Amino acid sequence: MELYSLTIHELRELLKKREVSALEVTKSYLERIKEVEPKIDALITITEDFALQRAKEADEKIKNGEDTALTGIPVIIKDNISTEGIKTTCSSKMLENYIPPYNATVVEKLLEEGVIILGKSNLDEFAMGSSTENSAFKTTKNPWDLSRVPGGSSGGSAAAIAADEAAFALGSDTGGSIRQPASLCGVVGMKPTYGLVSRYGLVAFASSLDQIGPFTKDVTDCAIVLNTIIGHDPKDSTSLKIDKPDYTSYLKEDIKGLRIGVAKEFFGEGIEEGVKETVQESIKVLQDLGAEIIDISIPYVEYALPAYYIIASAEASSNLARYDGIRYGHIAGKYEDLIDMYMVTRSEGFGKEVKRRIMLGTYALSSGYYDAYYKKALKVRTLIKNDFEKAFEKCDVIIGPTSPTVAFKIGERANDPLAMYLADIYTVSVNIAGLPGISIPCGLSDGLPVGLQIIGRHFDEGKILNVAYAFEQANKFNAKPQAIGGAR
């Protein structure tokens with residue numbers, strides 16, 4: 001068994017017993033990256049020298065008994081999360097050479113634990129997309145089938161974990177950008193409750209929806225990482241003060257009597273038959289474990305996708321106004337005057353999808369259309385929140401498919417934005433309501449992974465992890481991607 005194929009908790013045991021060193025673990029992952037990265041293009045930046053230096057420091061920590069659950073564990077960070085001294089491009093020409101002078105709070109927390117950063121992962125430009133095809137630099141491939149997308153916008157992070165390029169990764173989730181690629185790549189991906197994890201240092205897309213979360217190889221690892229990255233941050237005004245639980249204490253196989261809601265709206269038109277069957281088999285597994293399955297309805301969820309794209313685009317048009325060529329980022333080489341400089345800089349710096357969303361958002365916020373679009377979308381947001389609250393009166397968690405399809409072919413939806421947006425149809429409502437959600441692999445359809453989404457009440461990550469862990473232990477999803485060779 002190669003070191004790069006192990007989970008965080010398996011590596012932790014070896015490091016604790018001094019059977020391996022953090023340096024050996026790091027070198028194993030760096031070799032793995034050299035082997036598979038040319039095939040999948042998951043990374044924008046590889047920080048080999050920094051990683052080796054951090055590994056030596058981690059070994060000293062372990063030697064001195066100063067280690068924690070994540071000391072010596074290698075990670076990959078999505079390239080829209082600020083890393084001091086390491087390029088943070090957002091996969092955009094606008095920030096191609098931007099090097100932040102500070103770390104995001106989540107990065108600072110990981111570094112304090114002795115985590116080893118191996119590199120930064122590819123994404124859809126400014127996290128806008130569902131396939132990672134919108135990157136200005138490269139198209140990431142799915143390790144299960146190199147002709148297919150890994151999902152998005154955190155496709156680089158998901159593909160990296162599926163290909164064993166790191167023990168875990170961080171992503172950001174605005175409308176499903178952790179859960180959907182986790183589903184398509186057959187890994188675990190969690191979007192925590194809005195406000196549970198600091199957004200300080202996350203390059204803003206839609207501030208009322210964005211949330212940082214982990215990609216891991218199993219549910220236990222997800223709980224371990226979550227323990228470290230949550231917590232109040234005075235630098236983030238949306239960060240909430242709550243008691244910090246130990247999420248690993250929720251990892252139990254007993255879910256007898258737990259009420260699991262199944263919303264009919266998550267099995268409507270557009271879902272692939274293979275995905276539907278696999279998720280229904282997963283529901284049966286949970287029922288056999290003693291959970292009570294309850295049919296529920298979330299009526300307004302059908303309006304979640306249009307409401308999401310209006311709200312997210314409106315916030316994006318405001319957040320991305322700062323990229324004007326003056327303060328930082330790309331600046332046009334030739335221009336006639338100030339207005340021309342703005343126009344040429346933004347035309348050159350932003351890609352097609354980012355421009356589309358800026359235009360849509362600016363239109364929705366403009367005088368005469370604000371009430372008709374943006375204000376109405378905010379009202380729908382409230383109705384969706386109310387629907388979830390009513391549903392949770394009948395059940396403890398809600399389950400369904402993460403994505404209506406398995407991974408689709410690269411280029412298949414590139415010229416059809418509406419078809420691309422539909423990839424997020426089951427995930428956006430969770431962001432709109434600010435709820436926590438996890439995607440775990442539950443089987444295969446046509447040889448490709450299918451994700452099971454588990455949604456909980458606000459700050460009920462523990463219950464979600466309990467259900468996810470119980471299912472994982474009963475289901476034993478052991479299939480591994482073969483398209484890259486030598487995977488786990």
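Start by selecting Lys 34, which is partly exposed, with a relative accessible area of 47%. Keep in mind as you look around that this is a predicted model. Now add Glu 31 to the selection: its side chain meets that of Lys 34 in a salt bridge, 3.9 Å from N to O. Both residues belong to helix α2 (residues 22-40), three residues apart, or about one turn of the helix.

Stay in helix α2 and pick Arg 32 and Glu 35. These two also form a salt bridge, with the closest N and O atoms 3.4 Å apart. Here too, about one helical turn separates the partners, because they are three residues apart. Colour them by accessibility: Arg 32 is buried, at 0% relative accessible area, whereas Glu 35 is partly exposed at 38%.

Next, move to helix α8 (residues 273-288) and select Lys 284 and Asp 288, which are four residues apart there, about one helical turn. Their salt bridge has its closest N and O atoms 3.0 Å apart. Lys 284 is partly exposed, with 46% relative accessibility, while Asp 288 counts as exposed at 56%. For a linked set, select Arg 259, Asp 396, Arg 457, Asp 460 and Lys 463, which salt bridges with shared partners join into one network. How many salt bridges does the structure hold? There are 21.

Now switch to a cartoon view and find the sheet. Its 11 strands follow the order β1-β3-β2-β4-β6-β5-β10-β11-β9-β7-β8, with mixed pairing, and the sheet is open. Look at the edges: β1 (43-46) and β8 (292-296) each have a single partner strand, so one side of each has no neighbour in the sheet. On average, neighbouring strands are turned by 30° against each other, ignoring direction.

Zoom in on strands β5 (residues 188-191) and β6 (residues 212-216). In which sense do they pair, parallel or antiparallel? They pair in the antiparallel sense, over two bridges. Select Gly 189 and you will find it opposite Phe 215 of β6.

From the sheet, turn to the helices beside it. Helix α3 (residues 48-63) lies across β1 and β3 (116-121), and runs at about 155° to β3. Then select helix α4 (residues 105-113) and show its buried residues: Thr 105, Val 106, Val 107, Lys 109, Leu 110 and Leu 111. What covers them? The cover includes helices α3 and α7 (219-229), together with strands β2 (74-78), β3, β4 (168-172) and β6. Just after α4 comes Gly 114, which has a positive phi, near 90°.

Finish inside the protein. In soluble globular proteins, nonpolar side chains tend to be buried together. The largest nonpolar core here has 150 residues, and those with the most contacts inside it are Phe 126, Phe 168, Ile 398, Ile 438 and Leu 465. Helix α9 (residues 304-319) gives this core its largest share, 10 residues.

Select Ile 398 and show what surrounds it. Beyond its neighbours within four places in sequence, Ile 398 is in contact with Gly 261, Phe 266, Ile 296, Ile 298, Phe 388, Ala 391, Phe 392, Gln 453, Ile 454 and Ile 455. For your last stop, select Val 149, Leu 184, Phe 408 and Ala 423, which are among the six residues of another core, lying apart from the largest one.

Definitions and conventions
Residues numbered from 1 in each chain as written. Predicted model: local features only at pLDDT ≥ 70, side-chain atom pairs only at ≥ 80, totals over all residues. Heavy atoms only, no water. Salt bridge = Lys/Arg side-chain N within 4 Å of Asp/Glu carboxyl O. Buried < 20%, exposed > 50% of the residue type's maximum accessible area, 1.4 Å probe, protein only. Pairing = 2+ DSSP bridges. Axes fitted to C-alpha atoms, helices over the stretch in contact; angles between N-to-C directions. Contact = heavy atoms within 4.5 Å. Core = buried A, V, L, I, M, F, W, Y, C linked by side-chain atoms within 4.5 Å.
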